[in-house]
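User: I am new to this structure. Please take a close look at one part of it, the salt bridges, and tell me which side chains take part.

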Amino acid sequence: MIEHNFKKKFGQNFLTDTNLLSAIVSDAGITKEDQVLEIGAGAGALTTELAKRAKKVVSFEIDTDLISHLNSLGLANTEFVFEDALKKDIKEIEGYFDDNYKLVANLPYYITTPLIFKFLENSTKLTSLTIMVQKEVAERIVANCGGKDYGILTVMINFFGSAKITRIVNRKLFYPEPNVDSALVRIDLQKNKFPNVDRQKFSSLIKGAFSMRRKTLLNNLSSALSISKENLQKSLPHFDLSKRAETLNIDEFIQLYDVIYNN
């Protein structure tokens, strides 16, 4: 492990176990044909494994104290970008790639959800995300309809593709050791999975439906869409709006969208 002043504000927890690092790259399905985006290079341990197997790696790192160390790794097929990927325009990020690419990252916990949404909702070239996240976030990503973990994140990932947990990772494999265990999640994206659905409108609908988890669809959608409850019930006669959002699967949400926006 390099000597480094670990910064809590950046959520820095580095991985050093070579077997695990190799397994992450394998789980991501990286081959010599792939271009890879890494978010959070850290000490460059995962970057090095990615560079061994990928055609090209572009790795973002926010901590400028790591510039000298990362550049000294001598990874010929890797470009380090010392900027905040969360703040950088997605078109600029994707400008580094001449074709489709895969995202692989040991994500700082505090940026997990906003970063996932940034790429799901705006990317045009991304084919998959293989990300190390907090275990409870992973459980939300792959949750079954009707459970307490099922929510906006679950539905939106199902809208764009499919997800699975590939491995659970003990907190002791990180330095500094975090307070929780992690999990590696692979999200495979399917372009035009629902070609007749506007992604921005659908996202707004889902966020509105889940805005108050204890309230019914009738209450939440009435507020989110600025439609009276009476008119909403009239326009959705075949939907049981007394249900809560977590009881609807992706296909039922698509049906709901179709009635609201296309009829």
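Analyst: The model is predicted, and it holds 11 salt bridges when a pair is counted with a side-chain nitrogen of Lys or Arg within 4 Å of a carboxyl oxygen of Asp or Glu. Side chains of opposite charge can pair when their charged atoms come close.

One of the pairs is Arg186 with Asp188, where the closest N and O atoms are 3.0 Å apart. Arg186 has a relative accessible area of 19%, and it counts as buried because the cut-off for that class is under 20%. Its partner Asp188 is partly exposed, at 26% relative accessibility.

Another pair joins Asp149 to Lys148, and here the closest N and O atoms lie 3.4 Å apart. Asp149 has a relative accessibility of 26%, so it is classed as partly exposed. Lys148 reaches 72% and therefore counts as exposed, a class that begins over 50%.

A further salt bridge links the side chains of Glu230 and Lys234, with an N to O distance of 3.6 Å. Both residues belong to helix α10, which covers residues 229-235. Glu230 and Lys234 are four residues apart there, about one turn of the helix. Both of these side chains belong to exposed residues.

Salt bridges also join into a network, made up of Glu83, Lys88 and Glu92.

How values were computed
Residues are numbered from 1 along each chain as its sequence is written. This is a predicted model: local features need pLDDT of at least 70, side-chain atom pairs count only at pLDDT 80 or more; totals for chains, interfaces and linings use all residues. Side-chain values use heavy atoms; hydrogens and water are left out. Buried means under 20% relative accessible area, exposed over 50%, partly exposed in between (1.4 Å probe, protein chains only). Helices (H or I, at least four residues) and strands (E, at least two) are DSSP runs, numbered from the N terminus.
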